[in-house]
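Good morning, everyone, and thank you for making time for this short talk. I would like us to look together at the empty spaces in one structure, and then at a sheet and a single residue. Please take a moment with the picture before I go on.

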Amino acid sequence: MIRVEELTKDYGSRRALHGLTFEARQGEVVGFLGPNGAGKTTTMRILTSYMPPTSGEAIVAGYNVVSESLEVRKRVGYLPETVPLYTDMVVFDYLKFMADLRHLPNADERVGETLEMVGLLDRANGYIGALSKGMRQRIGLAQALLHRPEVLILDEPTIGLDPGQVVEIRHLIREIGKERTVLLSTHILSEAQQICDRVLIINKGRIVVEDTPENLQSRLVGAERVILRVGGDSDGLAPRIEKVKGVQQVKSNPDGSLEFQFLPAQDVRQQVAKTVIEAGYDLIEMRAVGLSLEEIFLELTKEEEPDKKKKARS
Amino acid sequence: MRNIWTIAKREYDHYFISPIAYVVAFTILLVLGIIFALVIWSYSGQTFFGGGAPDISPIVGSFAFLMVLSTPALTMRLLADENRMGTMELLLTAPVRESELVIGKWLGGMLFILTVIAITLVYPIILNNLVEPGIDQGTLLTSYLALILVAAAFLSVGVGVSALFSNQVAAFFVTMIALVTLYWLMGFPADYVQSGAEFFRHMNLQTHFYNLTSGQINLTDLVYFFSLIAIGLFTGSMAVETRRWR
């Protein structure tokens with residue numbers, strides 16, 4: 001469980017966080033999305049008791065991150081953005097060291113199990129310095145999972161992994177998220193879509209939006225978009241579809257398909273299909289396309305743009 | 001306590017994969033070996049050190065001098081490297097107190113230097129067999145106590161300084177300057193000032209070191225060394241702690 005209230009953090013005169021408030025419950029994977037410098041890492045560092053907030057309160061696993069930091073640190077697993085590893089250590093020794101710092105009983109077995117979870121058991125006796133970036137990333141993750149923490153905080157967990165590993169690690173995070181609280185940051189939006197129960201979009205130290213990935217999409221998409229493809233030439237089809245009641249903004253895509261929108265309240269797809277067939281075209285494909293999180297994200301962080309231009313000019 | 005030991009053990013192990021530690025140990029043992037050979041040679045010829053029965057004081061004195069030069073190399077890495085590599089983030093988000101971290105690092109260095117000190121015990125053992133009726137056991141004991149205390153104090157200063165930096169070279173030179181000041185420079189004003197000479201003599205580490213090696217154990221000397229150790233470790237803990245607040 002993570003509860004954050006009115007969290008602010010100043011670096012000198014620069015304010016990195018402006019009164020952040022959010023919650024993450026047990027059994028929930030919360031995604032932290034935002035452009036670089038939005039305050040994701042700062043927030044995570046505060047939640048892991050690495051540094052104190054300037055003001056506000058953060059409760060992690062039932063303890064205050066400032067006044068009960070040792071209790072928080074016992075219950076949190078943390079994968080920092082730059083995976084901190086002792087490159088001159090053997091993988092197993094490194095994890096054993098971390099396990100000992102956490103006073104884990106039968107540390108050897110635990111290290112073995114955790115290495116298996118991240119798929120690196122065969123590298124247990126290799127030097128960390130000789131591992132690839134993706135493997136190091138997984139060692140960092142193993143370190144965060146060693147003590148089976150109540151709260152898992154992961155700063156860009158899948159960065160540097162190859163596609164196969166990304167799938168595995170996402171699956172692993174999902175599994176862990178079933179029982180525990182996971183807060184992860186990413187700027188890969190499809191990742192947030194796949195593994196997060198809830199998404200917080202943060203920009204310039206403020207939470208811009210907080211919702212489930214699905215709600216975010218439907219909330220931001222005023223109209224449903226549909227792509228339509230017919231066999232052969234689609235000339236002359238557009239005006240016919242435009243005539244169907246409820247259809248808006250028909251346009252032809254360069255690849256020959258047509259695209260149109262309709263309001264969610266009145267589903268026009270049946271009518272459109274009928275129209276296409278009756279007009280003698282072969283309907284091959286008709287599919288709805290949601291606005292991707294990428295587009296939502298750009299939409300939400302767009303309003304800041306004029307600011308930047310002003311600053312650049314002055 | 002357990003965390004201190006975990007950290008100390010890792011540091012101790014690390015010394016054995018680090019070339020710097022081998023260079024330090026090799027240099028100390030080589031120089032002491034040469035000095036020891038000279039002691040024996042002069043004893044046999046009764047010429048070099050003005051004759052008389054040989055004792056271990058040249059070894060002990062040189063060892064202290066060598067530690068001024070070598071302990072900065074042993075401590076420079078300890079915390080500065082954690083700062084540089086970002087592993088400090090790992091340690092500070094693990095359930096470890098700042099003081100445990102700093103004391104653990106210090107203890108790791110201490111165990112290494114104790115290993116080197118233990119190796120030098122061959123010299124008094126050899127000497128004891130050469131000299132009739134054997135060397136003074138009391139002086140030997142206090143001399144080694146002095147060496148251990150000097151090492152502990154130097155390492156503690158080094159750890160304290162290392163915590164302030166994220167650059168090893170900077171940590172090395174600042175520690176060296178601090179140790180040179182403690183070991184020599186503090187004593188200089190004593191010969192020139194009108195009043196307060198006593199103060200400078202007391203602040204000088206050599207005074208206390210040679211009090212011990214001469215065979216006497218005074219409370220003031222012990223207090224001096226323990227204060228230095230405490231100040232160094234406290235500085236280190238504070239430096240790590242303030243890192244959070246930046």
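Let me begin with a question: which helices each supply at least two residues of the lining of the largest cavity? Before I answer, please keep in mind that what you see is a predicted model. The answer is helix H2 (19-45) and H3, both of chain B, and of these H3(B) gives the largest share of the lining, namely three residues.

The cavity itself has a volume of about 30 Å³, and the count of cavities of 30 Å³ or more comes to one. If you would like to find the place on your screen, look for Tyr15(B), Ser18(B), Ile20(B), Ala21(B), Ala73(B), Leu74(B) and Arg77(B), which line this cavity. When we sort these lining residues by class, we get five nonpolar, one polar and one charged.

Now let us turn from the cavity to the pockets. The largest pocket has a volume of about 430 Å³, and its lining is made up of 27 residues, with Tyr11(A), Thr41(A), Arg45(A), Glu81(A) and Glu89(B) lying nearest the centre. Which helices each supply at least two residues here? In chain A it is helix H1 (40-47), and in chain B it is helix H3 (57-85), helix H4 (87-92) and helix H11 (219-245). Among the contributors, H1(A) gives the most to this lining, with four residues. By class, the lining of the largest pocket holds ten charged, ten polar and seven nonpolar residues.

The second largest pocket has a volume of about 360 Å³. It is lined by 16 residues, and those closest to its centre are Met89(A), Asp93(A), Lys9(B), Arg10(B) and Asp13(B). Here, too, both chains take part, since helix H3 (91-101) of chain A and helix H1 (2-15) of chain B each supply at least two residues of the lining. The largest share, seven residues, comes from H1(B), and the lining as a whole divides into eight charged, six nonpolar and two polar residues.

I would like to stay for a moment with one of those central residues, Asp13(B), which has its place in helix H1 of chain B. Is Asp13(B) buried, exposed or partly exposed? Its relative accessibility is 43%, so Asp13(B) counts as partly exposed, given that this class lies between 20% and 50%. It is also worth looking across to Phe112(B), which is 99 residues away from Asp13(B) in sequence, while their C-alpha atoms are 9.0 Å apart in space.

Finally, let us come back to chain A and its sheet. Four strands form an open sheet in the order S2-S1-S4-S5, with antiparallel pairing. Strand S2 (14-24) and strand S5 (63-64) stand at the edges with a single partner strand each, so one side of each has no neighbour in the sheet. Further in, strand S1 (residues 2-11) and strand S4 (residues 55-60) of chain A run antiparallel and are joined by five bridges, and you can find Ile2(A) standing opposite Val60(A) in S4(A). Helix H1(A), which we met at the largest pocket, lies across S1, S2 and S4 of chain A and runs at about 65° to S2(A).

Definitions and conventions
Residues are numbered from 1 along each chain as its sequence is written. Chains are lettered from A and ligands numbered from 1 in the order in which they are written. This is a predicted model: local features need pLDDT of at least 70, side-chain atom pairs count only at pLDDT 80 or more; totals for chains, interfaces and linings use all residues. Side-chain values use heavy atoms; hydrogens and water are left out. On a 1 Å grid over the protein atoms alone, a cavity is a set of points where a 1.4 Å probe fits but cannot get out, and a pocket is an open set with protein on both sides within 12 Å along at least five of seven lines; lining residues have an atom within 4 Å of a point. Grid points are joined across faces, edges and corners, and a volume is the space filled by probe spheres set on the points. Ala, Val, Leu, Ile, Met, Phe, Trp, Tyr, Cys and Pro count as nonpolar, Asp, Glu, Lys and Arg as charged, and the others, Gly among them, as polar. Two strands pair if DSSP finds at least two bridges between them. Contact means heavy atoms within 4.5 Å. Axes are lines fitted to C-alpha atoms, for helices over the stretch in contact, and angles run from 0 to 180 degrees between N-to-C directions. Buried means under 20% relative accessible area, exposed over 50%, partly exposed in between (1.4 Å probe, protein chains only).
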